[in-house]
Amino acid sequence: MCKSLTTLLQQALQHQPSLGSLYVTDEQGVVVAAALSKGKVTAAGSAADRLYFQVHKEKRVQGLYVGQPAIGRVSRTWVVHLSRARFDADGRFAGVVVATVNPEFLVDFYNEAQFGQRGLVSVAGLDQVLRARRSGDALQFGDHGVQPTLAGQIEKSSQGQFLAQSHIDGVSRYLSYRVLPQYQLVVYTGLASDEVFAHFQIRRERLIEFLGVATVLICLVSAGLTLLVVRLEQSRRRASLEIGR
């Protein structure tokens, strides 16, 4: 069974070049199958102490969970864990399916031609931990406490626009944001106020369009992991039928 799961994960990775790894755990957090985009897995280990595993086990989220940036135990580099829970035939928690990506993947749609030299794209958790933030060539992730003004805006509405000065680089920007409650995330983009007035309306519309791009990106990842969970369940059932014979 583990061998067939590993093969399935390896096949899935071939079609997802942005992913660093895929792995599956059991209900105790023990990794039962894994595949890397580069190299081979030399150790399995456990994910029981990882926040994303605990979040799913305690049913704090439904569907995809975009975890806080952390050092990967196999890659030894910074990654973001994208995970979904698995359930057995009786609906009981059976572990998680996890994909890892470089934090930069979440803000890869940044384009200086659209956002200017000091524009901003960012994905943050509703837990106030930054998943990824890019402005120009600068990439940040893992910071605690997002744009202070943003927290107040979210309390008023799940999406909107406002002008605020960044506590990270001091740049004043026009920001547009959208809360994705199903993923426990907020995505926001911004244009530096001193760059925005030229062709303001066009750039404002593009800002809103790119919020849609960020949303679609996260939804596609969620759909991919959902499909993988379904295929794993089908594989498990086939293996059970073969054993029954």
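**A walk through the strands**

Let me start with one pair: H81 has T100 as its bridge partner in β6. S21 also stands opposite T100 in β6, so keep an eye on T100 as we go.

A quick word on what you are looking at: this is a predicted model, where local features need pLDDT of at least 70 and side-chain atom pairs count only at pLDDT 80 or more, while totals for chains, interfaces and linings use all residues. Residues are numbered from 1 along each chain as its sequence is written, and side-chain values use heavy atoms, with hydrogens and water left out.

Now, the names. Helices (H or I, at least four residues) and strands (E, at least two) are DSSP runs, numbered from the N terminus. Two strands pair if DSSP finds at least two bridges between them.

Back to β6. Which way do its partners run, parallel or antiparallel? β1 and β6 run antiparallel, joined by four bridges. β5 and β6 also run antiparallel, and eight bridges join them. Follow the chain from β5 to β6 and you trace a hairpin with five residues between the strands. G91 sits in that turn, and its phi is positive, at about 85°.

How many of the nine residues of β6 are buried, meaning under 20% relative accessible area with a 1.4 Å probe and protein chains only? Nine of the nine are, so β6 is largely enclosed by the rest of the structure.

Let's move along to a sheet. Six strands make up this open sheet, in the order β9-β8-β7-β12-β11-β10, and the pairing is antiparallel. Where are the edges? They are β9 (138–140) and β10 (159–165), each of which pairs on one side only.

In that order, β12 stands between β7 and β11, and I'd like to spend a moment on this strand. On one side, β7 (residues 120–125) and β12 (residues 185–192) run antiparallel, with six bridges joining them. Two pairs to find on your screen: V121 has T189 as its bridge partner in β12, and V123 stands opposite V187. On the other side, eight bridges join β11 to β12, again antiparallel. Here L175 is partnered with G190 in β12. β11 and β12 form a hairpin too, with four residues between the strands, and Q184 takes a positive phi near 60°.

So which side of β12 is covered? Both faces are: L185, V187, T189 and L191 on one side are buried, and V186, Y188, G190 and A192 on the other are buried as well. That makes eight of the eight residues of β12 buried, so this strand is largely enclosed by the rest of the structure, too.

One last stop: the largest nonpolar core. A core here is a set of buried Ala, Val, Leu, Ile, Met, Phe, Trp, Tyr and Cys residues joined through side-chain atoms within 4.5 Å. This one has 30 residues, and L22, V66, L82, L106 and I218 touch the most other members. Our strands return here: β1, β2, β5, β6, β7 and β12 each supply at least two residues, as does the helix α1 (2–14). Which element gives the largest share? That is α1, with four residues. As background, nonpolar side chains tend to be buried together in soluble globular proteins.

If you take away one picture, let it be β6 and β12: every residue of β6 is buried, every residue of β12 is buried, and each strand supplies at least two residues of the core. Thanks, everyone!

Conventions
Buried < 20%, exposed > 50% of the residue type's maximum accessible area, 1.4 Å probe, protein only.
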